[in-house]
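Please open the structure in your viewer and keep the sequence panel within reach. We will go from one selection to the next, with a short account of what is there at every stop.

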Amino acid sequence: MDQLKVAKFINGQRNCRFLLDDNNFEYKVNRTDGRTTFWKCRRSYAEKCYARAVTVNVEDSEYLKCVSGNHTHSSKLMKKRVSDVESE
């Protein structure tokens with residue numbers, strides 16, 4: 001499992017979870033096929049964003065296998081940093 005990173009998640013309001021990548025972009029489940037889960041950007045409809053991610057479940061742990069595509073929007077972390085700078 002050297003090349004795979006442990007997947008990070010956050011909880012949503014409606015008892016769902018979202019995948020977080022290293023840049024704090026959020027992904028929602030698109031489909032699951034056995035041990036593999038395919039994710040699409042949480043803002044896929046609102047922002048017409050086609051970024052995707054894939055996780056794989058190995059021995060009851062979930063690992064981030066890959067992230068593909070470019071986001072058409074900024075992450076929540078980037079928005080927070082901009083608002084912090086503007087308030088100074």
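## The whole chain

Begin with a cartoon view: the protein has one helix and seven strands. Keep in mind as you look around that this is a predicted model. If you trace the cartoon along the sequence, the elements come in the pattern β-β-β-β-β-β-β-α.

Now switch on a surface. The accessible surface of the protein comes to about 6,500 Å², and 46% of that belongs to carbon and sulfur atoms. Of the 88 residues in the protein, buried ones make up 32%. Among the contacts with a separation of 6 or more, 33% join residues that are 24 or more positions apart.

## The sheet

Return to the cartoon and colour the strands. In what order do the seven strands sit in the sheet? The order is β1-β7-β6-β5-β4-β3-β2, and the sheet is open with antiparallel pairing. Select residues 5-6 and 8-11 to see the edge strands, β1 and β2, each of which pairs on one side only. As a reminder, strands of a sheet pair through backbone hydrogen bonds, either parallel or antiparallel.

Next, select residues 17-20 and 26-33. These are β3 and β4, an antiparallel pair joined over two bridges. To find one of the contact points, pick L20, whose bridge partner in β4 is E26.

Keep β4 and add β5. This antiparallel pairing runs over six bridges. The hairpin of β4 and β5 has two residues between the strands, and G34 takes a positive phi near 70 degrees there.

## Strand β5 and its neighbours

Stay with β5, residues 36-41. Is this strand largely enclosed or largely open? Five of its six residues are buried, so β5 is largely enclosed by the rest of the structure.

Add residues 52-58, strand β6. β5 and β6 pair in the antiparallel sense over five bridges, and T37 has T55 as its bridge partner in β6.

Now show the side chain of F38, which lies in β5. F38 counts as partly exposed because its relative accessibility is 24%, above the 20% under which a residue is called buried. R31 stands opposite F38 in the pairing with β5. R31 also lies over the face of F38, at 4.0 Å from the ring centre. Leaving out residues up to four places away in sequence, F38 touches K28, V29, N30, R31, D33, A53 and V54. For a distance check, draw a line from the C-alpha atom of F38 to that of C66: the two are 28 residues apart along the chain and separated by 9.9 Å.

Another arginine is worth a selection. R42 lies over the face of F18, at 3.8 Å from the ring centre.

## An aromatic pair

Select the aromatic side chains. How many aromatic pairs does a search of the whole structure find? The search finds one. F9 and W39 form this pair, which is tilted, with 5.8 Å centre to centre and 40 degrees between the planes. F9 lies in β2 and W39 in β5, so the pair ties together parts that are 30 residues apart in sequence.

Colour the two residues by accessibility. W39 is buried, at a relative accessible area of 1%, whereas F9 is partly exposed, at 28%.

## The cysteines

Show the cysteine side chains next. A search of the whole structure finds zero disulfides. C49 is in no disulfide, and its nearest cysteine sulfur, that of C41, is 3.7 Å away. That distance does not count as a disulfide because the sulfur atoms would have to be within 2.5 Å.

Is C49 buried or exposed? C49 is buried, with a relative accessible area of 0%. C66, by contrast, counts as partly exposed at 35% relative accessibility.

## Last stop: H73

Finally, select H73, in the loop between β7 (61-68) and α1 (76-86). H73 is buried, with a relative accessible area of 15%.

Which residues does H73 touch, not counting those up to four places away in sequence? They are F25, C41, R43, E47 and C49. Display these side chains together with H73, and you will again see C41 and C49, whose sulfur atoms are 3.7 Å apart.

Key
Residues are numbered from 1 along each chain as its sequence is written. This is a predicted model: local features need pLDDT of at least 70, side-chain atom pairs count only at pLDDT 80 or more; totals for chains, interfaces and linings use all residues. Side-chain values use heavy atoms; hydrogens and water are left out. Two strands pair if DSSP finds at least two bridges between them. Helices (H or I, at least four residues) and strands (E, at least two) are DSSP runs, numbered from the N terminus. Buried means under 20% relative accessible area, exposed over 50%, partly exposed in between (1.4 Å probe, protein chains only). Contact means heavy atoms within 4.5 Å. Accessible areas come from the Shrake-Rupley method with a 1.4 Å probe; for residues, only the protein chains shown count as cover. Rings of Phe, Tyr and Trp (its six-membered ring) pair if their centres lie within 6.5 Å; planes under 30 degrees apart count as stacked, over 60 as edge-to-face and the rest as tilted. A charge sits over a ring if NZ of Lys or CZ of Arg is within 6 Å of the ring centre and within 35 degrees of the ring normal.
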